[in-house]
Amino acid sequence: MSFKIGVIGTGYVGLVSGTCFAESGNQLICVDIDEQKIAKLNSGGVPIYEPGLDVILQRNIRLNRIKFTSDITEAIRNCEIIFLCLPTPPNEDGSADLGYVLAVTETICNYIESHSITDRRIIVNRSTVPVGTADKVKAIVQAKTTNKNIHVVSNPEFLAEGFAVEESLNPSRVVVGTSNAEIGKVMQELYEPFLNGVNKFFLMDERSAEVTKYAANSFLAMRISFMNDLSNYCELNNVNIDNVKAGIGSDPRVGPYFLNAGIGYGGSCFPKDVRALLYSSEEINATLTLIRETQAINQKQIQRFISKVTSYFQNDFSNKTIAIWGLAFKPDTDDIREAPSFAVIRALLELSANLHVYDPEAMENTKLHFGDSITYFPSMYDAVRNADALIVCTEWKEFKAADVEELKKLMKNSVIFDGRNIFDLTLMKELGFHYASIGRPLVSPN
Ligand code: UDX
């Protein structure tokens, strides 16, 4: 069974979801207000860096299964299922801004009403939205149209950047929130090709689906904060947190994932979703103590790391060159949203350090923020030449495979602050580095 599907918003989520639905044989119309982006997409260009996406996108364009347009009415007219993949950016108070979601719903309803469309339309919200959003969308549907065949579904995405295509084609789970059994069946049919006969389709009411998304991200953020909190304790006790991680992660009740201590979580989801969940809990006076601490630990962790660097140099960075490896908030992406590297850069610029940076993918995006206040280098080795210290902010594979002897030769001083534990402690000791990592004993040359 194939469906006519509209996707409103060709950002990260919309583009990956739309392309993967085309891959399973559906007919896709993807809409965005950004005409330049639409032109690029129609010619097979991919505006984001996501492994595997370009190949599937180009194939489905060739097969005429996916097209991009800036005309939203084309999708409303032709598509039974309309996915809303719109940004829900944080307001100043931390709450999620539903402006785009509600405005597009209104546009859809107004068009349906003015063109007397009576066929079934299923509006599926794929954006991360606070509990009660589906009710708000339904209220607009009721107020703006007489068509009784419009349904509202909550279908949160769980895509992690770098693995989004893989996760879409073979999802760990599909969460669909609808109180209408028939619509639930349609959604199950849509997802059937991706389920591989495995029971991972979870049908629930709209509100539960909405909370599931925030709970999933907050839980993962909490695991990271647990390890980051423990990292301080391990450092002070001369214990290696990586051993502790291996020891606890092998218990199936704990599991090995999201237990890497580091300089704190970043990205477009965890910080924003934790804040939004906290905001919504305050609205109803239901304190989420653990989530609040999760956020506080994350903020403390990056400050603790920056302090290690500044106290080593006694706050004096005059004539000091500091190399920074990794600008993206995590490897395999060019995304710099809420990247811990940015907090490091800001703090060191404040102290007038001379910063030499390198990232395999995120330098263009970084330039848009920091311009010429930092210096960009074409390779990790170029960036460390004559540096007084190296700071590792992102665990790109190429950094892990770096030739540390070469590093020692190139650097002015053998000093590394590693926010991602990519180097071996024994090797660092042997080579005479001052090596400060996270939750592991300090290696010092003396
Ligand atoms: C996350 C969720 O994984 C995804 O399901 C959701 O839909 C969106 O948010 P993403 O933001 O792409 O995806 O990245 P993820 O790989 O989850 O990493 C988030 C942050 O946590 C990164 O800054 C990463 O460096 C950090 N992290 C992750 C750790 O510090 N330690 C870990 O063990 C894992």
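How many residue pairs are in polar contact across the interface of domain 1 and domain 2? The exercises below work on a predicted model. The rule finds three such pairs across this interface, both residues at pLDDT 80 or more.

**Exercise 1. Place the two domains.**
State the bounds of each domain and the separation of their centres.

Solution.
- Step 1: Read the domain assignment. Domain 1 covers 4-204, and domain 2 covers 241-436.
- Step 2: Take the centres over C-alpha atoms. They lie 34 Å apart.

**Exercise 2. Describe the interface.**
Find how many residues of each domain are in contact, and how much area is buried between domain 1 and domain 2.

Solution.
- Step 1: Count the residues in contact. Domain 1 gives 12, and domain 2 gives 14.
- Step 2: Find the area. The two domains bury about 1,200 Å² between them. Carbon and sulfur atoms hold 53% of this area.
- Step 3: Look at who contributes on the domain 1 side. Tyr49, Gly94 and Glu161 supply 50% of the area that domain 1 buries against domain 2, more than any other three residues.

**Exercise 3. Test for a salt bridge.**
Decide whether the side chains of Arg337 and Glu161 form a salt bridge.

Solution.
- Step 1: Recall the cut-off. The Arg nitrogen must be within 4 Å of a carboxyl oxygen of Glu.
- Step 2: Check the pair. The N to O distance is 3.8 Å, so Arg337 and Glu161 meet in a salt bridge.
- Step 3: Now count across the interface of domain 1 and domain 2. The rule finds one salt bridge there.
- Step 4: Sort the residues on the side of domain 1 that touches domain 2. Five are nonpolar, five are polar and two are charged.

**Exercise 4. Explore the ligand site.**
Which residues are closest to the ligand, and how much of the ligand does the protein cover?

Solution.
- Step 1: Count the surroundings. The ligand has 18 residues around it. The closest are Glu161, Asn260, Gly266, Cys269 and Lys330.
- Step 2: Check oxygen atoms of the ligand. One is 2.8 Å from a polar backbone atom of Gly266. A polar side-chain atom of Lys330 lies 2.9 Å from an oxygen atom of the ligand.
- Step 3: Find the cover. On its own the ligand has 670 Å² of accessible area, and the protein covers 92% of it.

How values were computed: Residues are numbered from 1 along each chain as its sequence is written. This is a predicted model: local features need pLDDT of at least 70, side-chain atom pairs count only at pLDDT 80 or more; totals for chains, interfaces and linings use all residues. Side-chain values use heavy atoms; hydrogens and water are left out. Domain bounds come from an automatic or database domain assignment. Contact means heavy atoms within 4.5 Å. Buried area is the accessible area (1.4 Å probe) that two parts lose on being put together, summed over both. A polar contact is a pair of N or O atoms within 3.5 Å; within protein, one must be able to donate a hydrogen and the other to accept it, and residues adjacent in sequence count only if both atoms are side-chain atoms. Ala, Val, Leu, Ile, Met, Phe, Trp, Tyr, Cys and Pro count as nonpolar, Asp, Glu, Lys and Arg as charged, and the others, Gly among them, as polar. A residue is near a molecule or strand if one of its heavy atoms lies within 4 Å of it. Accessible areas come from the Shrake-Rupley method with a 1.4 Å probe; for residues, only the protein chains shown count as cover.
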